[in-house]
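The following exercises are to be worked with the sequence and the structure at hand. Each task is followed by a solution in steps.

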Amino acid sequence: MTRTRKPGISRRSTLALMGAGAVTFATPWVARAQAKTIKVGMPTILSGRVAQLGTSSRNGVMLEVEKVNAAGGLAGRQIEMVIRDSKGQPQEAARVARELVNTDGCELLIDAEASSGAFAVHEVARDLGVLCIHTNSETSSLTADPKQHIPNAFRTARQGVHDSIVGGSYAAAIAKAKGLKKWATCSPDYAYGRDTTGEYVTYLKRFAPDVEIISESWPKLFQPDYTEVVTKILQAKPQALYSCLWGGDLTSYIDQANIYALFTQMEVFAVNMADYTALTVVKNLPKGIHSGNRYIKTYPATAENAAWGDAYKAKYGEYPTNWSWENATAIMLLAEASKKANSADGKKLAEALRGLKIKSPFGADGTVTMRAEDQTLIGYAIGWGTTIPQEPYVPEVKPGDWKTILELEAEWKKSKGYT
Amino acid sequence: MTELQAEQASKVLDNSVTKSKPRPNRDALIALAVFVVLALLPMLTSSKFLLDFVIRCAAYGLFATSLNLLVGYTGLTSFGHGMFFGLGAYGFGLMMQKTGVAVPVAFVATLAITFVVALVIGAICVRLKEIYFAFVTLAFQMLIHSTILSWVSLTGGDQGLRGGIPRPPFLGIDLSNHLHLYIVSCALLVIGLFLMHQIAQSPFGYTLRMIRDNATRASFIGIDVWRAKLTIFVLAALFASTGGMIMALFVSGAYPEFAYWTISGEGIFINMLGGVTTFLGPMVGTALFLILNDTVTRVTEYHGIVLGIVILFFAIGLRKGLMDFVIEWYVQRRERSGERTS
């Protein structure tokens, strides 16, 4: 008698399914066991259009974690990173963050999410009370708005408003020197693009009151074709152009604008140009684009910074990104805080982090500080320079003045009703 | 839904028609028992992961099951069902943040808003058939998504609703307590499923099946097809909106992704996994989908490939959902035992 296979689920596969289910739910107990190592959870974006954000954040973190572990870890406990993909979806970021703490037993969180994901993780940190360091979100309100403030969340990323102040004052100086009065803007159409451009223009006009914006373009995020935008700008005939396009959008824009020789007809200020992700990808990098520094080996022009950039390149085969230094800084700060507190406990670390000043290759004066009042990073290298088509790409960077930044930031906070 | 699937669906459903009558009392008892089991779960285990999992199951489960009322029962393949999920999340979140009313008031008010929006959108969409219906629902979804993105002063744009959703305690229930949130989510899930089951088993539910199988015939025997379709469209939207509210409470915020087409896509995928021919198919699909998602993302960052292969396997290989297999297997077994005894 032949045995025919009946369609449907066999007893065996039912058992297998139930087994799989049991494993899924039993993992929490397995994860509890170790206490000697300290697990640090890191939700980030490892797939999709901005996967580079996640991979270069991870690289930056791992480079430093290895050093910390070699030196004995956090108060004697070796760091074990648990890095997981959120796919850039905020509800996944929240879920992953909760899972990392509740199931995997992570005692600290490095939130390497972008924009909305960072706010979702922030809520998880508020709910669970776990120490959380935001490393990629540059949205000023995350730390500036007192409604967002929680004692256990910090930020080691640059802040939008700092960028605008430095960018605005740098551009105003050039505008005055060269008589640039008619300006155009071209930025991606989402919160970051709109806010950053708005603040930049505010400070530009403040330092150079006779500047006038004659054309605004808002291409969609991840737009493939910029012909329309480029021709619109050319027709408006501005003397200068500001853009906060970034990554692949910026490089496509430059490649396409090159065809129309846009860069010979006006001064271009692109805040996100001086990052290796853009510098190394553009086909013919025009000379003389003004850009803010993101991560560049040449600024701060110190041996430590150059060595850090080279070590990163030697290990991962590419230069660090803006995200790399921001994430590396989180680990550096944690390491110092654990020394100061002589503990790896989240609450004690948070206490030690407030107001902590550490030596850093990314500091404007060789140090960075975790400001106590709003728990965000200050004193990092921030400045503007112009591009050349080959390495070192941005040979000279004019540093921003932190005294001015802090004064204007305080004023900005007041105007927003934050203080 | 293809004709083949529809045929299978009617076969399975016919089976259940001949053997079961609508029994609201029995359903209510089962619902109560399920709720009690779920409510006792936290006493048996300290796993917060399991509680999170059930809360997410409640959110996605209500959403997917309500989608099945359209796809499986009425033959309306909506590609834009996620808009009501997003609407629920934003409506509830905004109401709690801006007005500070009590949770039940915000809940009911959000349902009322969803009702109005679904009525307007439904009135336009349900006149259309098949691909046209699918695309117009998709278009409305993108309209709502774009509105959320551009109305920055109200919705926070692409950053979402920030600052957390306040949850003042009501009737002794404090939703900022995770256990309370869990119990409430379970209650909403069970009540939602119970109500949807009553709808599906009611004469109205059978009218829907008839419309799915032959709308012309239905209208010839005096059924107002447009009105019936509109009614189920609005009802399904209300349950999807409830799912969205649970999600908003879970993440303590609302994000534009909740109203994006990918959520609708996930809903369709869940229905494919679980099967559209049985009432509980989407619920099984939800559990399967979430387990799959959670385990795969834990293991690899190339989860897209894995999930893609699973979709292909279900769509091309199996051509039906998991619950369909279970039912078939059950029916066959009963037939066999029937043969033996006779």
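pLDDT is the predictor's confidence in each residue, on a scale from 0 to 100. The model treated here is a predicted one.

**Exercise 1. Confidence**

Task: State the mean pLDDT of chain B and locate a stretch of chain B in which the pLDDT is below 50.

Solution. Step 1: chain B has a mean pLDDT of 85, and 92% of its residues reach 70 or more. Step 2: the pLDDT falls below 50 over residues 9-19 of chain B. In the model this stretch has 10 contacts beyond near neighbours in sequence. Step 3: where pLDDT is low, predicted coordinates should not be read in detail. Step 4: for the model, the scores are ipTM 0.78 and pTM 0.82.

**Exercise 2. The contact between the chains**

Task: Determine how many residues each chain gives to the contact, and describe the side of chain B.

Solution. Step 1: chain A contributes 33 residues and chain B contributes 32 residues. Step 2: on chain B, at least two residues each come from α3 (48-74), α11 (225-251), α13 (281-299), α14 (303-318) and α15 (322-341). Step 3: by class, the side of chain B that touches chain A holds 13 polar, 10 nonpolar and 9 charged residues.

**Exercise 3. The sheet of chain A**

Task: Give the strand order of the open sheet in chain A and identify the strands at its edges.

Solution. Step 1: the sheet has 5 strands, in the order β2-β1-β3-β4-β5 (chain A), with parallel pairing. Step 2: β2 (79-85) and β5 (153-155) of chain A each have a single partner strand, so they stand at the edges and one side of each lacks a neighbour in the sheet. Step 3: on average, neighbouring strands are turned by 20 degrees against each other, direction ignored. Step 4: β4 (residues 131-134) of chain A pairs with β5(A) in the parallel sense over 3 bridges, and A:His134 has A:Arg155 in β5(A) as its bridge partner. Step 5: helix α3 (residues 90-102) of chain A packs on the sheet and touches β1 (38-44), β2 and β3 (108-111) of chain A, its direction making about 175 degrees with that of β1(A). Helix α4 (residues 115-128) of chain A also packs on the sheet, touching β1, β3, β4 and β5 of chain A.

**Exercise 4. The domains of chain B**

Task: Describe how domain 1 of chain B and domain 2 of chain B meet.

Solution. Step 1: the domain assignment gives domain 1 (3-259) and domain 2 (261-342). Step 2: their centres, taken over C-alpha atoms, are separated by 20 Å. Step 3: 29 residues of domain 1 of chain B are in contact with 20 residues of domain 2 of chain B. Step 4: α3(B) supplies the largest share of the domain 1 side, 12 residues. Step 5: this side has 17 nonpolar, 11 polar and 1 charged residues.

**Exercise 5. Two helices of chain B**

Task: Classify the crossing of α12(B) and α13(B) as roughly parallel or roughly perpendicular.

Solution. Step 1: the axes of α12 (residues 261-274) of chain B and α13(B) come within 7 Å and cross at roughly 105 degrees. Step 2: angles of 65 to 115 degrees count as roughly perpendicular. Step 3: α12(B) is therefore roughly perpendicular to α13(B). Step 4: the residues of α12(B) in this contact include B:Phe269, B:Ile270 and B:Leu273, and those of α13(B) include B:Met283, B:Val284 and B:Phe289. Step 5: the contact has 8 nonpolar, 5 polar and no charged residues.

Key. Residues numbered from 1 in each chain as written. Chains lettered and ligands numbered in written order. Predicted model: local features only at pLDDT ≥ 70, side-chain atom pairs only at ≥ 80, totals over all residues. Contact = placed C-beta atoms within 7 Å. Helix = DSSP H or I, 4+ residues; strand = E, 2+ residues; numbered from the N terminus. Nonpolar A, V, L, I, M, F, W, Y, C, P; charged D, E, K, R; others polar. Axes fitted to C-alpha atoms, helices over the stretch in contact; angles between N-to-C directions. Parallel < 35°, antiparallel > 145°, perpendicular 65-115°, else oblique. Pairing = 2+ DSSP bridges. Domains from an automatic or database assignment.
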